[in-house]
Amino acid sequence: MRKIVLLIVFLLGGFSMMAQELEPEITTDGEALPRTTYYFIRHAEKDRSNPLDDDPHLTQEGLLRSAKWSYVLEAVRFDAIYSTDYNRTRETAMPTAEKNGIDSLIIYDPFEMDMKGFFEDTAGKTILVVGHSNTTPNYVNIILGEEKYPQIDDEDNGHLYIVTILPTGEKIDFLLILD
């Protein structure tokens, strides 16, 4: 298990280095134009023991996965972390937030998200968004401007989408499926 986590960290580090190796666009006054990078994950494994509970906590396996995400993403310095207002998403986001010194999550409603405001608030930043199987790929598709990624299977908690928007508007995306 530890070898898998180390491999994932190595792979993500490689993706980060590739993104950093892209030549930054420079303005006439010598300033680098900012890039915006979004990381999207679905919440970790939730407790399904009570089918009537619409706000379950994470299982032990889910708590372990949320800790793993914090190690997988430890080389990334997030400016903000967005989460829906559910126990499972907040619990998934918190270990990464703690590693980044982020005291509070930005809570969003996945069905009433002001995308224009979101883009304005996050421009030039590195953002983690923790969502759900039916909303996470949808937001990635909105950012990409195409229907590239299907909804995640309800049993799958290991998708990591990374989308970088360059100052030119070009978008580079990756999908990593971790287990």
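Strand 5 and strand 6 run antiparallel and are joined by 7 bridges, in what is, throughout, a predicted model. One of the residue pairs to look for is threonine 164, whose bridge partner in strand 6 is isoleucine 172. As a reminder of what holds such an arrangement together, strands of a sheet pair through backbone hydrogen bonds, either parallel or antiparallel.

Now step back to the whole sheet. It is an open sheet of 6 strands in the order 3-2-4-1-5-6, and the pairing is mixed. Which strands form the edges? They are strand 3 (residues 106-107) and strand 6 (residues 171-177), each of which pairs on one side only.

Next, look for the helix that lies over part of this sheet. Helix 3 lies across strand 1, strand 2 (80-83), strand 3 and strand 4 (126-131). Relative to strand 2, helix 3 runs at about 170°.

From helix 3 it is a natural step to helix 2. Helix 2 (residues 60-72) packs with helix 3 (residues 87-99) at an angle of about 35°, and their axes are 8 Å apart. The crossing of these two helices is right-handed. On the helix 2 side, the contact is made by Ser66, Ala67, Trp69, Ser70 and Tyr71, while helix 3 contributes Glu91, Thr92, Pro95, Thr96 and Lys99. Sorted by character, the residues of this contact divide into 4 nonpolar, 4 polar and 2 charged.

One residue of that contact deserves a closer look. Serine 70 has its place in helix 2. Is serine 70 buried or exposed? Its relative accessible area is 4%, under the 20% limit, so serine 70 counts as buried. Apart from its neighbours within four places in sequence, serine 70 is in contact with Pro95, Thr96 and Lys99. Its C-alpha atom and that of threonine 96 are separated by 4.3 Å, although the two residues are 26 residues apart along the chain.

Let us turn to the charged side chains. Side chains of opposite charge can pair when their charged atoms come close. In this model the count comes to 8 salt bridges. In one of them, the side chains of arginine 65 and glutamate 45 meet at 2.8 Å, N to O. Arginine 65 lies in helix 2 and glutamate 45 in the loop between strand 1 (36-42) and helix 2, so this pair ties together parts that are 20 residues apart in sequence. Both arginine 65 and glutamate 45 are buried.

What does the salt bridge between aspartate 154 and arginine 48 tie together? Here the closest N and O atoms are 2.9 Å apart. Aspartate 154 sits in the loop between helix 5 (136-144) and strand 5 (159-165), and arginine 48 in the loop between strand 1 and helix 2, so the pair links parts that are 106 residues apart in sequence. Aspartate 154 is partly exposed, with a relative accessible area of 34%, and arginine 48 is also partly exposed, at 40%. These two residues belong to a network of salt bridges that links Arg42, Arg48, Asp154 and Glu155.

A last salt bridge to visit joins the side chains of aspartate 85 and arginine 90, at 2.7 Å from N to O. Aspartate 85 counts as partly exposed at 48% relative accessibility, and arginine 90 counts as partly exposed at 25%.

Definitions and conventions: Residues numbered from 1 in each chain as written. Predicted model: local features only at pLDDT ≥ 70, side-chain atom pairs only at ≥ 80, totals over all residues. Heavy atoms only, no water. Axes fitted to C-alpha atoms, helices over the stretch in contact; angles between N-to-C directions. Helix = DSSP H or I, 4+ residues; strand = E, 2+ residues; numbered from the N terminus. Left-handed = near helix turned anticlockwise from the far one by under 90°. Contact = heavy atoms within 4.5 Å. Nonpolar A, V, L, I, M, F, W, Y, C, P; charged D, E, K, R; others polar. Salt bridge = Lys/Arg side-chain N within 4 Å of Asp/Glu carboxyl O. Buried < 20%, exposed > 50% of the residue type's maximum accessible area, 1.4 Å probe, protein only. Pairing = 2+ DSSP bridges.
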